[in-house]
Amino acid sequence: MKKVAGFTVLGVTIALSSTFYLGQSSRPFNLIGVKFCPKTANNTNNLNYTSASQAQQQLDTKYCQFEHKLLKEVWDNQQFQASKPLPESSFLSRDIPAIQSGVAWFLVAPISMGIAYLSWAKKCEDEETYFYQLLQSFKIQVSLTGASTREEIDFKSQSIKNNWDKQRVKVGFISVEGMQDKLRRQQELQDKTHISTIKQFDLADSDMDKKISENLRDKYKADKESDKMLDKRDSNNDHDANSNLSDKELANQLINALKQHEDGWLWYLVESFTPIIIWGKAGSYKSYTAACIALLKHFLIDAKIQAIADIDFDQNKEDSWKYLIPLEPVIYGTGIDWEDYENAYLDAIERSKVRTLKDKPIVSIWDELTNANGKFENAKNIVPFVIATPRKRNEHCILLSHNLTQACLGGCESISEPIKTQTYRLNLKTNPQAKPLFKGVLEGLVDDDGNELEQHQVSLPKWFRPEIIWDHFHGKEIKFED
């Protein structure tokens with residue numbers, strides 16, 4: 001700051017000095033010094049006249065000792081304009097050149113003053129920053145001192161309180177068991193307060209994640225509507241034949257294809273409200289199969305896609321669930337949120353209280369049951385609820401798991417027999433590279449007399465893909481003969 005102050009003083013000094021110098025600047029114009037020195041006319045030797053030298057001396061003494069300074073430009077223009085001009089020889093002239101002006105100093109003054117101003121401003125800014133930091137340091141010291149004082153007060157208060165408690169125990173005012181019970185209750189209160197606070201934070205995070213999921217769903221819906229419009233425009237050019245088919249005719253085509261494929265087992269799964277459990281190793285096409293069945297239920301029996309519970313929804317939304325999202329299902333568990341996944345079960349319970357067989361069918365998908373065991377309180381209740389009275393609430397449920405063990409079905413207990421008698425179970429297969437084989441084993445079908453059939457090998461048709469089924473109803477008819 002001392003250097004900045006020095007620059008300020010130096011700038012002011014230079015500015016003032018240049019101003020003073022400019023005020024003393026000499027004339028900027030040329031002058032001429034003129035003396036009138038007439039020549040004597042006494043050039044004879046007549047004794048009656050003064051001699052020429054004396055006469056000339058007298059004239060010089062009287063006239064020639066005075067010099068008149070005039071503007072040279074005026075003298076040059078006016079000296080011969082008299083009606084009877086004096087002879088040029090009677091004048092002695094001397095040029096007086098102009099003295100160079102110091103006008104350049106006029107620029108030095110504001111520049112120096114500007115430097116001085118900037119230096120002073122910088123000095124003020126540095127001082128303000130310095131004092132602000134000094135004040136902040138002082139505030140921090142005061143805060144630390146206050147905190148230390150509060151901690152000391154709390155410590156002394158606690159020490160005094162403990163000493164009094166010891167005295168009360170010593171004189172018998174309170175028993176040791178009573179003191180321990182008091183401490184235990186205080187600790188329980190602290191623990192519950194801590195847990196409650198953590199849950200509040202988790203609830204806020206869950207709400208934000210849910211809102212993000214809804215926003216993503218809305219955005220995805222808008223994008224799909226735009227793509228749908230573009231697809232319709234393209235299909236008008238490439239598939240003019242489809243424009244003559246109604247939705248009912250398109251649906252009948254699919255129903256016939258389902259009934260003709262391997263004794264119609266797929267059609268049984270589509271039209272029935274019996275819960276479907278799709279299980280198998282990772283990569284066996286479980287989620288895509290669930291999506292295909294849900295789409296077929298939507299287009300063929302007018303079943304609304306109600307809910308998708310999937311903690312891996314962020315990964316699957318562009319793949320297996322891509323063509324279900326435009327149908328606006330409620331999404332649960334986004335972002336590996338098991339508490340939100342549990343909300344799918346709670347909402348399903350609420351639905352079951354008001355729905356009847358007369359209501360339109362709905363579809364709910366429960367993915368990743370394999371990892372649900374122990375993640376939330378009602379995990380073990382999902383499968384029993386799905387199996388119980390699906391007809392009365394007209395809800396078509398599709399469950400996905402890696403196996404049919406108790407652990408892989410949410411930890412449910414004592415339901416092995418209901419699973420065998422009240423569900424369809426489709427076990428899909430993979431090759432050693434964890435690639436889908438599009439075939440598997442189906443259990444749970446019954447004959448016309450209601451007797452359960454033995455498990456049998458099944459395969460998925462080539463057109464059994466979500467995108468192909470979706471396109472079939474959006475301008476791109478499936479060529480089943482191909």
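A nonpolar core is a set of buried Ala, Val, Leu, Ile, Met, Phe, Trp, Tyr and Cys residues joined through side-chain atoms within 4.5 Å. The exercises below use this term on a predicted model.

**Exercise 1. Overview and confidence**

State how many helices and strands the protein chain has, and find where pLDDT stays under 50.

Solution.
- Step 1. The secondary structure of the protein chain consists of 14 helices and 11 strands.
- Step 2. Of the 482 residues in the chain, 34% are buried.
- Step 3. Take the contacts between residues at least 6 apart in sequence: 73% of them join residues at least 24 apart.
- Step 4. The chain has a mean pLDDT of 83, and 88% of its residues reach 70 or more.
- Step 5. Residues 238-243 are the stretch to mark: pLDDT stays under 50 there, and the model has 6 contacts for it beyond four places in sequence. Where pLDDT is low, the predicted coordinates should not be read in detail.

**Exercise 2. The nonpolar cores**

Determine which residues touch the most other members of the largest nonpolar core, and which helix gives it the largest share.

Solution.
- Step 1. The largest nonpolar core has 50 residues, and those touching the most other members are Trp 265, Leu 300, Ile 365 and Ile 398.
- Step 2. Helix 8, residues 286-301, supplies the largest share of this core with 8 residues.
- Step 3. Another core lies apart from the largest one; it has 26 residues, including Trp 338, Phe 385, Cys 397 and Cys 412.
- Step 4. Now take Leu 300. Leaving out residues up to four places away in sequence, Leu 300 touches Ala 251, Leu 254, Ile 255, Leu 258, Trp 267, Val 270 and Phe 473.
- Step 5. As a general point, nonpolar side chains in soluble globular proteins tend to be buried together.

**Exercise 3. Helix 8**

Is helix 8 mostly covered or mostly uncovered? Compare its reach with the expected value.

Solution.
- Step 1. Helix 8 has 16 residues, and from first C-alpha to last it reaches 22 Å, close to the 22 Å expected at 1.5 Å a residue.
- Step 2. A residue counts as buried under 20% relative accessible area. By this test 12 of the 16 residues of helix 8 are buried, and the helix is mostly covered.
- Step 3. The buried residues of helix 8 include Ala 290, Ile 293, Leu 296 and Leu 300, but also Lys 286 and Lys 297.
- Step 4. Just after helix 8, Asp 302 has a positive phi of about 60 degrees.

**Exercise 4. The sheet of 8 strands**

Give the strand order of the 8-stranded sheet, name its edge strands, and say which strands helix 8 touches.

Solution.
- Step 1. The sheet is open, its pairing is mixed, and its order is 6-5-7-8-4-9-10-11.
- Step 2. Strand 6 (330-332) and strand 11 (456-459) are the edges, as each pairs on one side only.
- Step 3. From one strand to the next, the twist averages 20 degrees.
- Step 4. Strand 4 (residues 276-279) runs parallel to strand 8 (residues 395-401), and 4 bridges pair them. Within this pair, Ile 278 stands opposite Leu 400.
- Step 5. Helix 8 packs on the sheet and touches strand 4, strand 5 (304-309), strand 7 (362-366), strand 8 and strand 9 (424-430). The direction of helix 8 makes about 170 degrees with that of strand 8.

**Exercise 5. Strand 5**

Explain why strand 5 is described as largely enclosed, and identify its partners.

Solution.
- Step 1. Strand 5 is largely enclosed by the rest of the structure because 5 of its 6 residues are buried.
- Step 2. Strand 5 pairs with strand 7 in the parallel sense over 5 bridges. Ala 309 has Trp 366 as its bridge partner in strand 7.
- Step 3. Strand 5 is also joined to strand 6 by 3 bridges, again running parallel. Here Ala 307 stands opposite Val 330.

**Exercise 6. A residue in strand 9**

Find how far Thr 430 is from Gly 283 in sequence and in space.

Solution.
- Step 1. Thr 430 lies in strand 9.
- Step 2. Thr 430 and Gly 283 are 147 residues apart in sequence, yet 6.7 Å apart in space, C-alpha to C-alpha.
- Step 3. Not counting residues up to four places away in sequence, Thr 430 touches Lys 281, Ala 282, Gly 283, Ser 284, Lys 435 and Leu 437.

Notes
Residues are numbered from 1 along each chain as its sequence is written. This is a predicted model: local features need pLDDT of at least 70, side-chain atom pairs count only at pLDDT 80 or more; totals for chains, interfaces and linings use all residues. Side-chain values use heavy atoms; hydrogens and water are left out. Buried means under 20% relative accessible area, exposed over 50%, partly exposed in between (1.4 Å probe, protein chains only). Helices (H or I, at least four residues) and strands (E, at least two) are DSSP runs, numbered from the N terminus. Contact means heavy atoms within 4.5 Å. Two strands pair if DSSP finds at least two bridges between them. Axes are lines fitted to C-alpha atoms, for helices over the stretch in contact, and angles run from 0 to 180 degrees between N-to-C directions. pLDDT is the predictor's confidence in each residue, from 0 to 100. The expected span of a helix is 1.5 Å times one less than its number of residues.
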